[in-house]
Amino acid sequence: MSISFSPLLPEHQDLLWNFLHVALWDPPPAGLRPLETLQLPHVRIYAEDWGRASDIGVIAKIEGEDAPIGACWMRLVPDRMGLAYINEHTPQLGIALLPDWQHKGYGKLMMLAALDAARQRGIEQVSLTVHPQNPAAGMYGSCGFVQTGIRNSYLLMQVTL
């Protein structure tokens with residue numbers, strides 16, 4: 001199946017909330033967190049008012065599918081907020097694929113497209129945190145991320161672009 005990427009734009013705000021909800025991964029057998037979690041200040045900072053000048057992201061579409069299957073986005077978060085905060089110049093990355101599309105290689109392609117968009121905007125490095133049991137951690141490593149620490153039991157990873 002053919003995958004394509006397009007910029008994550010302000011008009012995709014509702015999609016971004018859905019993908020942020022999917023991105024809040026907990027080890028099985030846990031399911032998705034309650035929707036109310038998206039309203040917590042330390043969570044909503046990653047999606048609210050999408051479309052700021054420094055926001056970068058892509059949405060993924062599969063040929064023949066009506067709706068996007070995933071998104072990868074980066075945002076500069078102020079005042080040392082966010083679990084992956086490094087400095088005021090390093091955006092924190094979020095990524096999510098709908099469950100039916102996971103573990104098929106699409107996440108890596110989407111992340112590489114998003115990192116390329118960041119590189120083109122002059123971003124020098126990107127950070128993220130990932131639960132140590134999340135199998136996506138290996139994919140992040142294959143995209144160039146390296147573990148640089150631990151934050152609240154999550155792996156802190158960074159990539160230099």
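Let me start in helix α3, which covers residues 106-120, where R119 and D116 both sit, 3 residues apart and so separated by about one turn of the helix. Please keep in mind throughout that what we are looking at is a predicted model. The side chains of these two residues, R119 and D116, meet in a salt bridge, with a distance of 3.4 Å from N to O. Both partners have some contact with the outside: R119 has a relative accessible area of 42% and is therefore classed as partly exposed, and D116, at 32%, is likewise counted as partly exposed, because the class of partly exposed runs between under 20%, which is buried, and over 50%, which is exposed.

As a general reminder, side chains of opposite charge can pair when their charged atoms come close. How many salt bridges does the model contain by the rule used here? The count comes to 4 salt bridges, and I will describe two others besides the pair in the helix.

One of them joins the side chains of R33 and D26, at 2.8 Å from N to O, and R33 is partly exposed, with a relative accessibility of 24%.

The other links R44 with E48, where the closest N and O atoms are 2.7 Å apart, and here R44 counts as partly exposed at 21% relative accessibility. Where does E48 lie? E48 is found in the loop between α2 and β2, the latter being residues 56-62. The side chain of E48 also registers as making a polar contact with the side chain of R44, again at 2.7 Å. Leaving aside residues up to four places away in sequence, E48 touches Q13, W17 and R75.

Let me now turn to the largest pocket, which has a volume of about 1200 Å³. Its lining is made up of 43 residues, and the closest to the centre of the pocket are A23, L24, W25, I95 and N134. Several elements give two or more residues to this lining, namely α1 (13-23), α2 (41-44), β4 (92-97), α3, β5 (125-130) and α4 (136-142). Which element supplies the largest share of the lining of the largest pocket? That is β4, with 6 residues. As for chemical character, the lining of the largest pocket divides into 26 nonpolar, 13 polar and 4 charged residues.

To bring the two parts of the talk together, helix α3, which holds both R119 and D116, is also among the elements that give two or more residues to the lining of the largest pocket.

Methods. Residues are numbered from 1 along each chain as its sequence is written. This is a predicted model: local features need pLDDT of at least 70, side-chain atom pairs count only at pLDDT 80 or more; totals for chains, interfaces and linings use all residues. Side-chain values use heavy atoms; hydrogens and water are left out. Buried means under 20% relative accessible area, exposed over 50%, partly exposed in between (1.4 Å probe, protein chains only). Helices (H or I, at least four residues) and strands (E, at least two) are DSSP runs, numbered from the N terminus. On a 1 Å grid over the protein atoms alone, a cavity is a set of points where a 1.4 Å probe fits but cannot get out, and a pocket is an open set with protein on both sides within 12 Å along at least five of seven lines; lining residues have an atom within 4 Å of a point. Grid points are joined across faces, edges and corners, and a volume is the space filled by probe spheres set on the points. Ala, Val, Leu, Ile, Met, Phe, Trp, Tyr, Cys and Pro count as nonpolar, Asp, Glu, Lys and Arg as charged, and the others, Gly among them, as polar. A polar contact is a pair of N or O atoms within 3.5 Å; within protein, one must be able to donate a hydrogen and the other to accept it, and residues adjacent in sequence count only if both atoms are side-chain atoms. Contact means heavy atoms within 4.5 Å.
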